[in-house]
Structure formats: structure tokens, C-alpha cells
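Q: I am new to this structure and would like a close look at a single part of it. Please take me through one salt bridge and what lies around it, explaining the terms as you go.

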Amino acid sequence: MSARDKYEIVVGLEVHAQLATESKIFSTDSAKFGNTPNTNVTVITLAHPGTLPKLNKKVVDFAIKLGLACQCHITRHNVFARKNYFYPDLPKGYQLSQDKEPVCIGGIVSVELEDGTKKEIPLHHIHMEEDAGKSIHLEKETDTLIDLNRAGVPLLEIVSDPAMRSSEEAGAFLKEIRRLVQYLEICDGNMEEGSLRCDANVSVRLKGATKLGTRVEIKNMNSIRNAQRAIEVEADRQIALLEAGETFYQETRTYNATTNKTYGMREKENLNDYRYFPEPDLSPVLISDEWLNAIKEEMPMLPKQWLEKLMQTYRLSEYDAQVLIEDKNTVQYFEQVAQYSSNYKAIANWLNRDVKSWLNEHNLSMTAFPVSPQKLAELITLIDQNQINSSTAAKQLFPLLTRQPEDTPLEIAKAHDLLQENNSDILEKIIGEIILEFPQEVERFRKGKKNLQGMFMGQIMKRSKGKADPKVAGKLLIEALKTE
Ligand code: MN
């Protein structure tokens, strides 16, 4: 038994989701990502004396939406608190956050693992807060640059219980959070741009132990893959220390993806005293029944509800439906195609196979897919009507359509001579030529070597440039081989 097998990993996650609001949480400054540094900054963002913060109602709306989606208890009486600490990208000296009364309490996130195991990860709470600015360390520069555009951008911090027992469970949790915020349209879920950031609390303990081990917090991981790798190497590091009889302290570490190691950042972080106190410049936020009900009314369909709809209304298999609901834009696109074609299974196949690999190849997301739902439906109809065979449609027509999406599939197929050949005269002529060219094979076929049919069909497809309708051609071939 390896040392690893004796231990159990315990993971709790803190996920910061940057909300897709127009303006910041306490000012009218733009919350847009990627603007020229320090252009989305007014005196309110900087909390200059005499300025007052004012809460953006959308932030509370979004928090309630996520809380309802995760079955949290919604706190009706909300206060903001100052979390005091000094950091260069936080010139105010404090961050406005929530402390004692977070907007959502409890709740669950349902995840499914690779092997099909379903698990409900309990949430501790979700709170609203503002983001800090960004320190930029340029290579070969000794100075640090500060961009305060991000200061005051609204965040939801989603805090799980220490309920995950593997890096895979942590990855599944992050994927589900990303999917939920995308379905709710409250955050774009883009980890590369920092819209979703994750800290992991990792500890290990001997299997069967009930007491939690010393935990280490790993900060700011920017992809699900890196978060999983960081949890793995950190667990290995802790197990090695314990096996060597060494002790270690609770601390904050950072993960370097290049070296695949974690490094200590700030020791004795737990001694940090944030001196939380209620923000005196903001009045409490009371969430009324009317407010809560209005949000309930406008809740969009969540992945689970989509799954049911795809299986019931469109009679898709659970597998096909699961793949489609991985991405909200894809499932919405599916429904638009379904307005023009009732071959739902084919639509699912095209989206889950050809469209998906095209997007991967071009490193694009579904919103950037150039072909309209109506035109994808037309392509499927061409196949259904035997006007083009499916392999030509996938290998030739589809790539052409993505390059000239303003043309119809039929126009493109005609222009490139891709329509199926089911004209008997032309097919008979091709078959006649093949019979003359392969007399020995014809002889052997007639003597019973029936599996030569595949070779003949291959010749027909080759000579018709893949356009022969296999059904029609197959029938004509058998007749021709019999009669001579
Ligand atoms: Mn936070």
C-alpha cells in the first residue's frame, strides 16, 4: 500500500465570480474588462473623503439567482462590512464585503463524476463583495504598475464546505459553478480572463480519521485543470511531510503551473485580523417577498430542466442531452435548429460531433459559430432527402459552409458539384466501366466471393467523387453483376 492510499484528501473551495453587470457594485463606473488601465475609475471607486457608495441593485438580483439555483436560504436583512487590510491594489485600505450576514446561506451544488457517481456538495454560504485592483509586474521592471479598473467590480464569493474528497470532485464542482453562472447569465465564466477565480483549502488525514488535518490555502488558480493539479501536488506534499514525521503550519501557498509545485506565500496568515465592521455609509439591504418573487419569476431554465426537456420533448438519449447541456449557447442553438428540422437526433449529432470539433479546432465558443441554425437545418435536410451523402456533407459541405455562411447549403453543394448521384444512367455507366476493368474480380464474385462487393462500391464512390447514393448504386451493382 502506498502512502497515498492511507490518506484521504479534504478540499473546500472558494470561488470568486465576477458579475456581468454594466457598472461597478458601488458606483456608476464601467465594470467592463479590458479597457485602457485606470479609465474606469472615479473618486467613488477610490472612496475619497466626502464620496458615498451606492449599491447596484443588479448585484443583489444576481446573488439571489445563484442562491435560488443552489437552493440556499436567502438572507432578507443584508449588511455590508469593511474588511480592513492594506495592499497596493486596494488604496482605500479596506474591501467592502459581507461578514456576519451573507446573502445566501447553505445550499448545494450537484456534481457528476466521470464514472457516473452523483454527489451533492454542500455550500457554506455565498456573499457579495467588491473586487480589488490589479498589480501588474512587468518583466525586467522593478516597479509594479497598478490598474484600478477592476477595483469595485462586483463579485460573488461562493464558499463550499470542506466536502470534496478528491481533485476530481473539486474539478466537477468548478465546472458546475461555471455552468450555473453561465445559464443564469450572471457571469461569463471565463477563467482565463479571471471572471472565475478559485482558491482551494487542502488538507489530508488518515482514512477513517474524523478530525480535519492542518489546511493550506492555495490562492488564485486560473483554470480548472490547474486547480486539480494544484490540489494533487499539495496533497502529495502534505502526505510526504506527515510520513516523514514532520509538522506544518496553516499557511497560504501559491501554485506554479510550470514547475507543478506549490510555494509558501504568507505564513501565519491566520493571524490576520481584518477588523470587520459594518460599513457605515451603506444602509442595510432588505430583500422583500415581492423582490424575491420577481426574481423567481424571471429564473431561466437551468441545466437539469434543459436535460428533461431534451429527453421528453425532443426524445434525445440521456447521453446526447448531457453533452448538449454542457454549454448553454449550444443547447439554445439546438432548439433554434429544431424549428427548421425535426430530425432531432441528427441535430444533436451534428452539434456534439462536427460543430464541437470545428469550434475546438478554431478555439472558438458557440457564440462565434458562423452558420445560422436555419442553414444547419438545411444541411441536415439535404442528407435526409438523399441529396447528399452524410460523409460528403461532413467532410466537404460543412467546412465550406463555415467559410461562406451567407450562402445556402444547396447553393454551395451545387457550386462544388457535391450533390449525390442517383441518376441511374450515370451510375450504370460507371458500373459498366468497373466490370470491364476488373474481370477477375467479377468472376470471383459470381463464384460466391460476395465480400468483393465492398471493393466494387469503393470504386463507384471513387469514380463518382463520393457523390453516388450508396443505396441506388448498390442495387444497380448487384443487378449488373448478376445479368452479365
Ligand atoms: Mn473574497
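A: Asp 131 and Arg 150 are joined by a salt bridge in which the closest N and O atoms are 3.4 Å apart; the term stands for a side-chain nitrogen of Lys or Arg within 4 Å of a carboxyl oxygen of Asp or Glu. The pair links distant parts of the chain, 19 residues apart, since Asp 131 lies in the loop between β8 (118–130) and β9 (134–137), while Arg 150 lies in the loop between β10 (144–147) and β11. Strands here are DSSP runs of E with at least two residues, and helices are runs of H or I with at least four, both numbered from the N terminus. This is a predicted model, in which local features need pLDDT of at least 70 and side-chain atom pairs count only at pLDDT 80 or more, whereas totals for chains, interfaces and linings use all residues. Residues are numbered from 1 along each chain as its sequence is written, and side-chain values use heavy atoms, with hydrogens and water left out.

The two partners are not equally covered: Asp 131 has 5% relative accessibility and therefore counts as buried, while Arg 150, at 23%, counts as partly exposed. Buried means under 20% relative accessible area, exposed over 50%, and partly exposed in between, with a 1.4 Å probe and protein chains only.

Asp 131 is also among the residues that line the largest cavity, together with others including Glu 130, Ala 151 and Gly 152. About 60 Å³ of space lies in this cavity, and its lining divides into four nonpolar, two polar and four charged residues. A cavity is a set of points, on a 1 Å grid over the protein atoms alone, where a 1.4 Å probe fits but cannot get out, and lining residues have an atom within 4 Å of a point. Grid points are joined across faces, edges and corners, and the volume is the space filled by probe spheres set on them. In the lining count, Ala, Val, Leu, Ile, Met, Phe, Trp, Tyr, Cys and Pro are nonpolar, Asp, Glu, Lys and Arg are charged, and the others, Gly among them, are polar.

The structure holds 31 salt bridges, and another of them joins Arg 237 to Glu 234 at 2.9 Å, N to O. Both of these residues lie in helix α4 (residues 224–243), three residues apart, about one turn of the helix.

Definitions and conventions
On a 1 Å grid over the protein atoms alone, a cavity is a set of points where a 1.4 Å probe fits but cannot get out, and a pocket is an open set with protein on both sides within 12 Å along at least five of seven lines; lining residues have an atom within 4 Å of a point.
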